[in-house]
Amino acid sequence: MGIIHEKAPYALAIALVAFLIRAFVLSQWNAIKRNGERLKKPPNTLPLVGNGLQFLRSRWKLFSWFDACQRKFGYETVALTVPTLPPGVLIHDPRNLDYVFKNEGVFTKGTFVKGRTWDLFGNGIINAEGDFWKTQRKAGLSFLNTANLRVLTDVALPQYLSESIAQLRSSTNGTVVDLQYVFHEITTKLMGKMAYNMEMQADDEFTVSFDHASGGTAERFQNPLWMITELFTGAKLRKSIAVVRNFGRRIVTKAVQDRQSQKSAEKEFGDEDGKLDQISGSLIQSLLDAIQDEQMVADAALTYLSAGRDTTGQALTWTFYLLMRHPRVVAKIREEATQLLKEKDVTLTQDQFDTSLFNPVTMPYSMAVFYEVLRLYPPIPFEIRQCNENVTLPDGTFLPKSSILVWCLWAMQRSKLTWGEDADDFKPERFLDAGNKLITRSPSEYPVFYGGPRTCLGRKVAEAIAAQVIPTIACLFDFVPTSDEERISKTSLTLPMEGGLPVTVKTRSGKQ
């Protein structure tokens with residue numbers, strides 16, 4: 001290690017020279033044009049380094065920069081220039097995004113994305129393409145069948161939600177509670193049990209390591225010299241990735257053992273707990289049925305675990321962050337829930353409360369709240385694709401093979417051209433029509449759940465969880481944030497709240 005540190009200044013100097021040479025070349029040549037004209041440059045584009053310095057800033061400031069771009073240029077496609085990277089563009093026009101979704105084979109993750117995520121996700125569905133992607137998606141669809149979703153909403157979620165309610169009730173003496181941990185615990189237990197037949201916690205070694213690995217992987221997309229800097233600063237990242245990969249192998253090993261034990265034992269599943277036990281581990285078993293290589297099964301399992309656990313837990317965290325700032329919205333959620341319970345002749349109590357009564361159909365306003373939160377705080381804040389061939393976008397922008405295409409959901413979903421003059425406001429009513437029916441927006445305008453062949457598999461699960469958790473927690477508790485400061489996201493592939501969401505808890509009576 002001594003030699004490495006001794007040579008570090010020289011390595012960095014060489015890398016910097018190469019960086020500047022490439023920057024000069026890119027500044028002189030950019031094949032990306034629209035109708036024969038060069039694209040406009042975003043704010044703060046500098047000679048040689050282009051937009052490179054913007055990507056080195058904190059991700060929260062990077063989001064603000066993306067937002068400034070869409071406010072200045074509207075739907076116009078603009079050039080992105082980052083030394084060490086292929087030429088790229090930033091798109092805002094829903095027409096262009098719709099074209100991307102419909103031409104999945106042209107716009108792929110490519111070497112740009114895979115090179116940064118491979119050691120964490122390997123052949124998981126986030127990186128997979130072609131037949132292997134189809135195999136993993138088919139396994140996911142098998143897991144998310146109607147019968148399994150019914151067990152999730154009627155058995156598993158009420159069970160784990162009741163455990164979190166008990167935890168919150170025991171913390172009404174002024175104790176500070178992290179709501180992000182509470183919601184993450186619910187989704188972790190759900191995915192651990194139903195998908196992998198494993199007991200998992202939101203603060204175990206795997207979760208801590210995955211959070212760090214996700215942050216380190218995300219930094220690679222902002223740091224053009226990541227391969228150099230990780231030689232000197234990447235020890236913790238490498239250790240975290242090793243823990244995560246080892247956990248993936250443990251999931252597979254246990255699944256194989258479960259399969260063998262099930263063959264030698266007859267089980268009867270009569271009661272509600274039995275129904276949960278019957279489907280526990282069904283995702284990993286579907287993956288084992290479809291994929292022969294156990295390491296590839298582990299890769300697939302880790303990717304599904306991240307997608308099914310982190311994004312929903314984080315979305316619920318941002319939901320209650322906004323609800324604490326908008327009591328009018330909380331009151332309407334409670335009104336909707338109270339009306340439904342009255343119709344069902346159910347009394348709201350702390351000890352006995354059938355949360356499965358709340359679902360996306362019966363709770364349209366609560367769902368509108370969830371969709372609006374996802375608009376303002378998308379779990380995947382920006383996406384990157386690489387062109388497999390020369391292609392021309394609907395607006396006339398010509399993209400040569402290997403060029404990079406970026407869209408920022410954080411910015412697009414704040415566009416006044418798409419969402420109106422009140423686009424910056426938290427307004428759940430924008431997702432409801434005059435008859436209180438949910439309005440469906442096209443994936444190109446509202447790409448939270450992606451679009452095209454890769455539309456999010458877990459959308460129904462996320463919606464079912466939100467429809468049950470949001471009104472239940474809002475009806476049973478009042479929360480007071482420990483600070484009025486704006487909450488921001490920490491660096492990650494998703495959108496976790498930095499420092500969690502610390503609050504104090506107050507129990508509400510059923511009559512309130």
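**Talking through a predicted model**

Biologist: In this predicted model, S171 is found in a loop, so to speak; which elements flank that loop?
Modeller: S171 isn't in a helix or a strand here, but in the loop between two of them. The two flanking elements are α7 (146–169) and β6 (177–178).

Biologist: Okay, and is S171 buried or exposed?
Modeller: Let's check the cut-off: a residue counts as buried under 20% relative accessible area. S171 has 11%, so it is buried. Leaving out residues up to four places away in sequence, S171 touches V177 and V505. So the verdict for S171, at 11%, is buried.

Biologist: Now α4: how do its buried residues sit around the helix axis?
Modeller: Helix α4 covers residues 94–102, and its buried residues are P94, N96, L97, V100 and F101. Looking down the axis, they fall within an arc of 155°, so they line one face of the helix. An α-helix has 3.6 residues a turn, so residues three or four places apart point the same way. For α4, the arc is 155°.

Biologist: What covers those buried residues of α4?
Modeller: The cover comes from both strands and helices. It includes β5 (107–108), β10 (404–408), α17 (409–412) and α18 (416–419).

Biologist: How many disulfides are there?
Modeller: A pair of cysteine sulfurs has to be within 2.5 Å to count. For C408, the nearest cysteine sulfur is that of C69, 9.2 Å away. For C456, the nearest is that of C408, 18 Å away. Neither C408 nor C456 is in a disulfide, and the count for the model is zero.

Note on methods:
Residues numbered from 1 in each chain as written. Predicted model: local features only at pLDDT ≥ 70, side-chain atom pairs only at ≥ 80, totals over all residues. Heavy atoms only, no water. Buried < 20%, exposed > 50% of the residue type's maximum accessible area, 1.4 Å probe, protein only. Helix = DSSP H or I, 4+ residues; strand = E, 2+ residues; numbered from the N terminus. Arc of directions from axis to C-beta. Contact = heavy atoms within 4.5 Å.
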